Amino acid sequence: MKRWKNTAGSLLTLLAVLLAAFLVFRGHWEEIWANLQGVPLSGALALFTLAAAYQLLESGICAVLVRARLPGFTFREAMEVTFLGVFGNVATCAVGSIPMQSLRLRQCGLTIGHGVGMMTVEYIFHKSSILLYAAVMLLFQGGWLWETVPDLTRYLLPGFGVCAAVSAALVLVCTWGRLRDLVLHLIGLLPETERWEKRKDVWRTNLASLYTESQHVLKSRTCCGKILLLNGTKLLCLYSAAYLAVRLLGAEGLPFWRAQLLAALMLLIASALPNVAGVGPAEFAFLLLFGRYMDYARASAALVLYRTATYFFPFTVSALFALRIQRRTWQLSGEEDEK
């Protein structure tokens, strides 16, 4: 039954991706294809290189965090944990990302609770970095944005508000003991049925692990500095991929740092909207922002190029990682059974 549920979830995800593609690009397929055919191979390779660099830097962040607990944690293991997160985000609509990662971390020597806490801390740093990067870009180039597209305010303010609220809530839960106690108290008020008791125990354990891991990481300024630096570099690669995609499709009048601003705001808006396996808000935000500086067909072609490099390519690689890890797990289980 569980296998059928996983298969159904994957099929629903695929249908959601296809539906999103149909709604976004309907009526423009021929123009989009014609524009994509004009993209040079060297440009496409550079775009995929930036996408790969993003995932490698994400793996570096994972390695820095986990080594605070497991000094022998290797970069290869960090890559496996990172790509399991990518696979879980798409294949299970984000529900299975942290559980899959925490299970792999348990195989490396970290308890499930500490693994969940560690991956949640990484997520908090990620969300906070998105907010900080967008705020810095907007601080230096906000005037240009208001002059060219003043109507974007109605999208940016909710995006900043939601992202800031989520980041602040997560940071406070990790650092403020009274708020943690309040959340624990609220969990205790939930129904006392058998099903709810199991959920409450899991939430209490995860919350305690999150608080413990965050306190452990925040004590080290060097660790926090490395994580913030890697997150900033990671986002620079991701936003540079968006810049390269639009440049390859003809947006030559958009300078690098202004494209960085648009890409930062794109991710900020996408982070504030509900999505299915990471699909929907990113496409909407990309066309909303970059579509103001190039015609729709070229912007759509740039979006296809960008999402192929930063979404479909990592997912394909992550599926290979997941299969490899699963095969290795089966082999180890078989060897233990023989013993």
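A helix, as the word is used here, is a DSSP run of type H or I with at least four residues, and helices are numbered from the N terminus. In that sense K200 and E197 both belong to helix 9, where they stand three residues apart, about one turn of the helix. The model described in this briefing is predicted, and its chain holds 13 helices and zero strands. Of the 339 residues in the chain, 46% count as buried, and the accessible surface amounts to about 17600 Å², with 65% of that area belonging to carbon and sulfur atoms.

**Overall fold**

- Read from the N terminus, the elements follow one another as α-α-α-α-α-α-α-α-α-α-α-α-α, in keeping with the count of 13 helices and zero strands.
- Among the contacts in the chain with a separation of 6 or more, 72% are made by residues that are 24 or more positions apart.

**Helix 9 and its surroundings**

- Helix 9 covers residues 194–218, which makes 25 residues, and spans 36 Å from its first C-alpha to its last, close to the 36 Å expected at 1.5 Å a residue.
- Its buried residues are K200, L207, S209, L210, Y211, E213, S214 and V217, and these pack against helix 3 (41–67), helix 6 (112–148), helix 7 (153–175), helix 8 (177–188) and helix 10 (221–248).
- Within helix 9, the side chains of K200 and E197 meet in a salt bridge, with 3.1 Å from N to O.
- An α-helix has 3.6 residues a turn, so residues three or four places apart point the same way.
- The two partners differ in how far they are covered: K200 has a relative accessible area of 1% and is therefore buried, whereas E197, with a relative accessible area of 26%, is partly exposed.

**Other salt bridges**

- The count of salt bridges comes to 10, and one of them joins the side chains of K234 and E58 at 2.7 Å, N to O.
- This pair links distant parts of the chain, since K234 sits in helix 10 and E58 in helix 3, 176 residues apart, and both K234 and E58 are buried.
- A further salt bridge is formed by E80 and R104, whose closest N and O atoms are 2.7 Å apart; the pair connects helix 4 (residues 75–91), which holds E80, with helix 5 (residues 97–108), which holds R104, across 24 residues.
- E80 and R104 are both buried.

**Nonpolar cores**

- The largest nonpolar core contains 56 residues, and those with the most contacts inside it are L145, Y239, L265, F286 and F290.
- At least two residues of this core come from each of helix 3, helix 6, helix 7, helix 10, helix 11 (256–272), helix 12 (281–290) and helix 13 (296–338).
- Apart from this core lies another, of 27 residues, including V64, F73, L207 and C224, and L207 is also one of the buried residues of helix 9.
- F290, when residues up to four places away in sequence are not counted, touches A242, V246, L254, A259, L262, A263 and M266.

**Helix 10 and the loop that follows**

- S240 is found in helix 10, and because its relative accessible area is 11%, under the 20% limit, S240 counts as buried.
- If its neighbours within four places in sequence are left aside, S240 is in contact with L50, F256 and Q260.
- G253 belongs to the loop between helix 10 and helix 11, and its relative accessibility of 76%, which is over 50%, is the reason that G253 counts as exposed.
- The C-alpha atoms of G253 and Y293 are separated by 8.2 Å, although the two residues are 40 residues apart along the chain.

**A nonpolar patch on the surface**

- Y123, V162 and V166 together make a nonpolar surface patch of about 220 Å².
- Y123, one of these residues, has its place in helix 6, and its relative accessibility of 39% means that Y123 counts as partly exposed.

Conventions
Residues numbered from 1 in each chain as written. Predicted model: local features only at pLDDT ≥ 70, side-chain atom pairs only at ≥ 80, totals over all residues. Heavy atoms only, no water. Expected span 1.5 Å × (residues − 1). Buried < 20%, exposed > 50% of the residue type's maximum accessible area, 1.4 Å probe, protein only. Contact = heavy atoms within 4.5 Å. Patch = residues over 30% accessible without salt bridge, like charges linked within 9 Å, V, L, I, M, F, W, Y side chains within 5 Å. Areas by Shrake-Rupley, 256 points an atom, 1.4 Å probe, with all protein chains shown as cover. Salt bridge = Lys/Arg side-chain N within 4 Å of Asp/Glu carboxyl O. Core = buried A, V, L, I, M, F, W, Y, C linked by side-chain atoms within 4.5 Å.
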